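Reader: I am new to reading protein models and would like to go through one slowly. Please take me through it part by part.

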Amino acid sequence: MTVYISPNPEKVTANEIALRAAQILLTHRASVLMCENLRESCSTMGVVYLPLEECLERADVILTIGGDGTILHEANLSLRYSKPILGINLGRCGFLATCEISEMETKLAAVARGEFQLDNRMLLYAHILGNDGWEGHALNDVVVTKGRLQQAIDFSVYCDDILVEHFRGDGVIVATPTGSTAYSLAAGGPILDSQTKGIVVTPICPHGLANPAMVFAQERKLNVCVGQVADDEVFISCDGAAGFPLKAGATAEIRLSDQIVKLITFGRADQFQAIDQKLRNRR
């Protein structure tokens with residue numbers, strides 16, 4: 001088993017945990033790769049340091065050290081390689097990063113032996129109609145939201161070219177089942193089983209009493225249209241990445257991607273354990 005370890009450089013303890021993870025994996029006869037820019041700051045005997053692309057090509061498994069944001073970043077970065085991802089959680093919640101520091105010895109030993117399951121998660125694909133300069137994939141969500149403007153904005157949502165929602169508010173979240181426990185949940189959306197084949201559309205702070213979140217079949221094509229607004233004051237982003245500015249009247253088309261992300265799991269109830277332990281704080 002060859003494991004590529006990717007620590008989040010913004011986490012103070014990430015390199016230290018990465019070295020601990022490397023030692024556990026090496027002890028259990030796995031091969032360990034790290035990006036060559038970590039050769040000095042995260043150096044240990046037995047680890048092979050290579051350019052990023054070569055690490056992604058050679059790895060059987062990607063191990064992230066950070067939180068869910070680290071997994072989202074790595075998933076988008078490594079999308080065309082389709083390698084399974086396991087996250088060691090250094091974040092505050094960690095729904096996707098299902099290995100806690102206290103579980104490293106047990107779970108990394110299992111990874112080295114190949115004793116894990118794969119949980120295939122759907123992705124969304126988004127692009128701007130009439131604009132070939134931006135596109136994105138999202139494991140969690142695609143968000144269309146206002147920038148510095150104080151006033152609410154008009155948004156229209158179409159499903160297969162049929163108007164299904166029009167409201168005035170701060171934005172729209174289009175989430176996968178994976179992302180249903182993230183921003184969408186905070187905005188009042190429902191929690192979906194990660195194995196559900198659906199897409200959640202959740203208005204952000206709608207100025208009305210009848211604008212509930214809606215769940216659509218994954219085969220649907222969704223269009224989010226922006227009303228009258230000053231240029232560069234509404235943005236679209238995937239998984240919290242830097243936003244792309246939308247002009248008045250712009251339409252974002254969002255649909256199921258033809259790619260997936262493979263997450264490593266050790267039990268089919270991992271999502272519900274995370275909800276119970278990390279949302280309800282019952283440990």
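**Strands, rings and spaces**

Reader: How many bridges join strand 1 to strand 2 (residues 31–35), which run parallel?
Author: In this predicted model, strand 1 and strand 2 run parallel; two strands are taken to pair if DSSP finds at least two bridges between them. Strands are DSSP runs of E with at least two residues, while helices are runs of H or I with at least four, and both are numbered from the N terminus. At one place along this pairing, Val3 stands opposite Val32 in strand 2. The number of bridges that join strand 1 to strand 2 is three.

Reader: What should I know about the numbering and the limits of the model?
Author: Residues are numbered from 1 along each chain as its sequence is written. The model is predicted, and local features need pLDDT of at least 70, side-chain atom pairs count only at pLDDT 80 or more, although totals for chains, interfaces and linings use all residues, and side-chain values use heavy atoms, with hydrogens and water left out.

Reader: How many residues of strand 1 are buried?
Author: A residue is called buried under 20% relative accessible area, exposed over 50%, and partly exposed in between, with a 1.4 Å probe and protein chains only. Thr2, Tyr4 and Ser6 point one way from strand 1, Val3, Ile5 and Pro7 point the other way, and all of them are buried. Strand 1 is therefore mostly covered by this definition, and the count of its buried residues is six of six.

Reader: What is the order of the strands in the open sheet of six strands?
Author: The pairing in this open sheet is antiparallel. Reading across its six strands, the order is 13-12-11-8-15-16.

Reader: Which strands stand at the edges, each with a single partner strand?
Author: The order across the sheet begins with 13 and ends with 16. Each edge strand has a single partner strand, so one side of each is left without a neighbour in the sheet. The strands at the edges are strand 13 (214–217) and strand 16 (244–246).

Reader: In strand 12, which residue is the bridge partner of Ala175?
Author: Strand 8 (residues 141–146) and strand 11 (residues 171–175) pair in the antiparallel sense over five bridges, and in strand 11 the bridge partner of Val142 is Val174. Strand 11 is also joined to strand 12 by five bridges, and these strands run antiparallel. In strand 12, the bridge partner of Ala175 is Val200.

Reader: Which residues are buried on the side of strand 12 that holds Ile199?
Author: Strand 12 (residues 198–204) is mostly covered, with seven of its seven residues buried. On one side the buried residues are Gly198, Val200, Thr202 and Ile204. Gly198 also has a bridge partner in strand 13, Ala217, and strand 12 and strand 13 pair in the antiparallel sense over four bridges. On the other side of strand 12, the buried residues are Ile199, Val201 and Pro203.

Reader: How far apart are the ring centres of Trp134 and Phe244?
Author: The structure holds two aromatic pairs, where rings of Phe, Tyr and Trp (its six-membered ring) pair if their centres lie within 6.5 Å, and planes under 30 degrees apart count as stacked, over 60 as edge-to-face and the rest as tilted. The planes of Trp134 and Phe244 are at 25°, so this pair is stacked, and the pair links distant parts of the chain, 110 residues apart. The centres of the rings are apart by 5.9 Å.

Reader: Is Trp134 buried or exposed?
Author: Trp134 lies in the loop between strand 6 (117–128) and strand 7 (135–138), and its partner Phe244, at 21% relative accessibility, counts as partly exposed. At 14% relative accessibility, Trp134 counts as buried.

Reader: Which element gives the most to the lining of the largest cavity?
Author: A cavity is a set of points, on a 1 Å grid over the protein atoms alone, where a 1.4 Å probe fits but cannot get out, and its lining residues have an atom within 4 Å of a point. The lining of the largest cavity includes Ala75, Leu79, Ile260, Val261 and Lys262, and also Ser82. Ser82 is in the loop between helix 3 and strand 5 (85–89), and its phi is near 55°, a positive value in a residue other than glycine. With three residues, the element that gives the most to this lining is strand 17 (residues 251–265).

Notes: 1 Å grid on protein atoms, 1.4 Å probe; cavity = no way out; pocket = protein on both sides within 12 Å on 5 of 7 lines; lining within 4 Å.
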